[in-house]
Amino acid sequence: MKEEKETAAVEFKQVEKYYQNKEQKVLNGVSGSVPKGSILTLVGPSGSGKSTLLSLCNLLITPDAGQVWINGKEVRSWDVNQLRKYVGLAFQSGTMLPGTVEDNIVHAARLHHFEIDRVEKFMERVHLPTSLLKQNAQELSGGQKQRVALARTLVNPSAILLLDEITSALDISAAREIEQLISDIHERDQKTILWVTHDLDQAKRMGEWTWLLAEGQVVEAADTHSFFHHPKEELTYRFLRGELSGGQRS
Ligand SMILES: Nc1ncnc2c1ncn2[C@@H]1O[C@H](COP(=O)(O)OP(=O)(O)O)[C@@H](O)[C@H]1O
Ligand SMILES: [Mg+2]
């Protein structure tokens, strides 16, 4: 049984976000909490606000209304550098900086003012051979780049990890390897993970909790098994049947 009073890793309280004018509410009253140490998978049609919701968690953007609480403290009360040490982010692209793989990892450490004793350690954690350290990062395969991108994120021993479509550019086997890595990291470090994915099978495999976001609102939030097997909302059924854009089977 979960302690009812335990502080959530992330809690959204009636969050609203607008872009351009106030006509378009990208997030329209999002509430929900993510228990510490859990994996939340976030699905929804493209443009439904998933990336926007993640961006609020490490102050890439701020809410226009409502609040986002990270470990019991509202995001705007956090020192931004502290917050970004606490909340790590990995994107889809796996864009490499110029230079070697080692340069890429060392740069990430400098960015967060971390000393790293052994670069090799981070290669091992993402199952890349240390012989790649001296290689030009731009010349890696897509799967290798994504793993280096993860290694860069993991340099920062954050308690919360935000993952935004990190496997969408990869083939199924490379995507599965990344899933295995994330599972290992989750088990080892008990991180809280918020994982946006368009791959419904991945959301089902990886989630403990799953939310469907559509038009800036949480349509359904449930434990992952119930979400996929006994959804409560008609819209969730339709989404899972592929009748709304943005949900795909791998
Ligand atoms: N920086 C921005 N400026 C203006 N509009 C944006 C910006 N970022 C996202 N949007 C708009 O907000 C909506 C939600 O985007 P996003 O959160 O990226 O959705 P998702 O990740 O679910 O595909 C989209 O309509 C998108 O065009
Ligand atoms: Mg997105």
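A polar contact is a pair of N or O atoms within 3.5 Å. Keep that cut-off in mind, everyone, as we start with the ligand. What you see above is a predicted model.

So, where does ligand 1 sit? Its surroundings are made up of Tyr19, Gln20, Gln24, Val26, Pro45, Ser46, Gly47, Ser48, Gly49, Lys50, Ser51 and Thr52. If you sort this shell by character, you get three nonpolar residues, eight polar ones and one charged one. Which helix gives the most to the shell? That is helix α1, residues 50-55, which supplies three residues.

Now let's use our definition. A polar backbone atom of Gly49 is 3.0 Å from an oxygen atom of ligand 1, so with a limit of 3.5 Å this pair falls within the cut-off. Moving along, Lys50 brings an N or O atom of its side chain to 2.8 Å from an oxygen atom of the ligand. Ser51 also takes part, with a polar side-chain atom 2.8 Å from an oxygen atom of ligand 1. How much of the ligand does the protein bury? On its own, ligand 1 exposes 560 Å², and the protein buries 60% of that.

Let's leave the ligand and look at Glu16. You can find Glu16 in strand β1, which covers residues 10-18. Is Glu16 buried or exposed? It is buried, because its relative accessible area is 17% and the limit for buried is under 20%. The side chain of Glu16 has two partners to point out. One is the side chain of Tyr18, with a polar contact at 2.8 Å. The other is Lys25: these two form a salt bridge, and their closest N and O atoms are 3.5 Å apart. Lys25 counts as partly exposed, at 34% relative accessibility, so this salt bridge joins a buried residue to a partly exposed one.

That brings us to salt bridges in general. How many are there? The count comes to twelve salt bridges, and I'll show you a few of them. Arg188 pairs with Asp189, and there the closest N and O atoms are 2.9 Å apart. Arg188 is exposed, because its relative accessibility is 57% and exposed means over 50%. Asp189, at 29%, counts as partly exposed. This pair also belongs to a network of salt bridges, in which Arg125, Arg188 and Asp189 are linked.

Another salt bridge runs between Arg238 and Glu243, with 3.5 Å between the closest N and O atoms. Here Arg238 is partly exposed at 30%, and Glu243 is partly exposed too, at 44%.

Last stop: helix α3, residues 101-111. Which of its residues are buried? They are Val101, Asn104, Ile105, Ala108 and Ala109. Looking down the axis of α3, you would find these buried residues within an arc of 135°, so they line one face of the helix. Try following the numbers along the chain while you remember a handy rule. An α-helix has 3.6 residues a turn, so residues three or four places apart point the same way. And what sits on the face of α3 turned away from the buried side? That face carries the exposed residues Arg110 and Leu111.

To recap our tour: we began with ligand 1, of whose area the protein buries 60%, then met Glu16 in strand β1, and ended at helix α3, where the buried residues line one face. Thanks for listening, and do ask if anything was unclear!

Definitions and conventions: Residues are numbered from 1 along each chain as its sequence is written. Chains are lettered from A and ligands numbered from 1 in the order in which they are written. This is a predicted model: local features need pLDDT of at least 70, side-chain atom pairs count only at pLDDT 80 or more; totals for chains, interfaces and linings use all residues. Side-chain values use heavy atoms; hydrogens and water are left out. A residue is near a molecule or strand if one of its heavy atoms lies within 4 Å of it. A polar contact is a pair of N or O atoms within 3.5 Å; within protein, one must be able to donate a hydrogen and the other to accept it, and residues adjacent in sequence count only if both atoms are side-chain atoms. Accessible areas come from the Shrake-Rupley method with a 1.4 Å probe; for residues, only the protein chains shown count as cover. Helices (H or I, at least four residues) and strands (E, at least two) are DSSP runs, numbered from the N terminus. Ala, Val, Leu, Ile, Met, Phe, Trp, Tyr, Cys and Pro count as nonpolar, Asp, Glu, Lys and Arg as charged, and the others, Gly among them, as polar. A salt bridge is a side-chain nitrogen of Lys or Arg within 4 Å of a carboxyl oxygen of Asp or Glu. Buried means under 20% relative accessible area, exposed over 50%, partly exposed in between (1.4 Å probe, protein chains only). The arc is that of the directions from the helix axis to the C-beta atoms.
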